[in-house]
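Me: I am new to this structure and would like a close look at a single part of it. Could you pick one helix, walk me through it, and then show me how it fits into the chain around it?

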Amino acid sequence: MPCPYHKSPSSQSESSDLQSNVRDLEQSIHTDFSDDMSYGDYLCLKQILSAQKPLSAEHDEMLFITIHQASELWLKLAGFELSAAIKNIQDGDFGHAFKVIARVKQIFVQLTQSWAVLSTLTPVDYLKFRDSLGHSSGFQSYGYRKLEFLFGNKNADMLKVHQADSDVYIELNNTLNAPSLYDQTIKALANAGFDIDKAHLNRDITQPYQANESVLQAWLGVYQDSETHFQLYELAEKLMDIEDAFQNWRFKHMYTVQRIIGNKMGTGGSSGVAFLKKALDINFFPELLELRTRL
C-alpha cells in the first residue's frame, strides 16, 4: 500500500503544471519611476481617469459619461486625421490621404460599436439621472461639429451653441471658413483637367454644399476611365467609405436614443429622434451617390 504522503510521478507533473501558471517579473523590467516618465505620465491618466464625475448617485451614470468621453477622444482623432487628409490632397499626396481616410473609416466603425455598450442602459435607469444633465447635449459636441464642417456640411447657425467658449468658437469658425475635404477634392478634379464650373470652384465655402452638374460629369469621367484616373477613382471610393461609416454611426446613434428615450425632446432642446433622423438625409458627397444612377 503506497504511503499517503508519497506523490506519484503524474501528481508531481500536475503540480508542476499548476505552479507554472505564474508569470514572474523579469529582472530587466523597469520598476522605479520616481524620476522617469511612466505610462500613466505619458498618457496623463490621472487627469483622464479622474474626469468621470457623476452628478447623481445612480450607478449607470458612470457608463453614460465614459461612453461619451471616449467618443469625444475618437472624434478628436478623426478631426485630426481629416485635417491631414485635406492638406495631403491639396499637396497632391494621395497616398497618405488614402491612409488617413481609411483610418477615419475605422474610427467610425469603433464609434458605432460603442452604441451597443450604451444600449445596455435601460430607459428606467437613464431616467433616474437624466435631469442631472440639465441642458447639456451631444448636439453641443464641438468635436462632432468640427467633423461635419471638415466633411463639407457647413452651417454657420450651428456656431451659436458654442459662443460661450471663445476658443472653441474661433476654432470652429476657422474650420467653417476653410476648404472642406470635398472642396479640396473638387479642386483636385479641376487640377486634373476636368471642366469644373468656375463659379462652383469659387463659391462661398461657408455655405452648405449643393450638388453641381459639372462635378457630377467630372466624376463620371473618372469612373468611366478609372485606369487613367485611378488616384481620383480610389479617392472617390475612400470618400464613400467614410460617408458609409459615418452614416452607420449616425443611424446607430439615432436608434440608440430612440431605444432609450423614445420620442422625448432632447436635453438640449431639440425634437430628439426626429431631429437626428433629419441628419440621415444629408450627404457629404452627393455627386458620388448620383453617379451610380448615371453610370
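Reply: Happy to help: what follows starts with helix α9 and its residue D183, then moves outward to other parts of the chain.

Please keep in mind that this is a predicted model, and that the values below are computed from it.

Let us begin with the helix itself. Helix α9 covers residues 181-191. Eight of the 11 residues of α9 are buried, so the helix is largely enclosed by the rest of the structure. If you want to find the buried ones, look for L181, Y182, D183, Q184, T185, I186, A188 and L189. Just past the end of α9 comes G193, which has a positive phi of about 105°.

Now zoom in on D183, one of the residues of helix α9. Is D183 buried or exposed? Its relative accessibility is 8%, and buried means under 20%, so D183 counts as buried. Which residues does D183 touch, leaving aside those up to four places away in sequence? They are K154, R203 and I205.

R203 deserves a longer look, because D183 and R203 form a salt bridge, with their closest N and O atoms 2.6 Å apart. D183 sits in helix α9, while R203 is in the loop between α10 (198-201) and α11 (213-224), so this pair ties together parts that are 20 residues apart in sequence. R203 is buried, as D183 is.

It helps to set this pair beside others. How many salt bridges are there in total? The count comes to 11. Another one joins the side chains of D157 and K160, at 3.9 Å from N to O. Here K160 is exposed, with a relative accessible area of 54%. A further salt bridge links R294 and E290, whose closest N and O atoms are 3.3 Å apart. These two residues share helix α14 (residues 286-294) and are four residues apart, about one turn of the helix. In an α-helix there are 3.6 residues a turn, so residues three or four places apart point the same way. R294 is partly exposed, with a relative accessible area of 40%, and E290 is also partly exposed, at 33%. Some salt bridges share partners as well, and in this way R145, E148 and R250 are joined into one network.

Next, step back to the chain that holds α9. Its secondary structure comes to 14 helices and zero strands, so reading along the sequence you meet one α after another. The radius of gyration is 26 Å, well over the 19 Å that the globule rule gives for 295 residues, so the chain is more spread out than a compact globule. Along its principal axes, the C-alpha trace spans about 100 × 50 × 45 Å.

What share of the 295 residues is buried? The figure for the chain is 36%. The accessible surface comes to about 17,800 Å², and 53% of that belongs to carbon and sulfur atoms. Among contacts between residues at least 6 apart in sequence, 71% join residues at least 24 apart. As for charge, the chain has 27 positive and 37 negative side chains, and the centres of these two sets lie 5 Å apart.

Finally, here are a few places to visit outside α9. Q113 belongs to helix α5 (residues 94-118) and counts as exposed, at 53% relative accessibility. The C-alpha atoms of Q113 and W249 are separated by 8.4 Å, although the two residues are 136 residues apart along the chain. Q47, in helix α3 (residues 45-49), also counts as exposed, at 54% relative accessibility. From Q47 to E72 the C-alpha distance is 15 Å, with their positions 25 residues apart in sequence. C44 lies in the loop between α2 (39-43) and α3. C44 has a positive phi of about 55° although it is not a glycine, and at 35% relative accessibility C44 counts as partly exposed.

To return to where we started: α9 is largely enclosed by the rest of the structure, and its buried residue D183 forms a salt bridge with R203.

How values were computed
Residues numbered from 1 in each chain as written. Predicted model: local features only at pLDDT ≥ 70, side-chain atom pairs only at ≥ 80, totals over all residues. Heavy atoms only, no water. Buried < 20%, exposed > 50% of the residue type's maximum accessible area, 1.4 Å probe, protein only. Salt bridge = Lys/Arg side-chain N within 4 Å of Asp/Glu carboxyl O. Rg over C-alpha atoms; globule rule 2.2 N^0.38 Å. Contact = heavy atoms within 4.5 Å. Areas by Shrake-Rupley, 256 points an atom, 1.4 Å probe, with all protein chains shown as cover. Lys, Arg positive; Asp, Glu negative; His and termini not counted. Charge placed at Lys NZ, Arg CZ, Asp CG, Glu CD.
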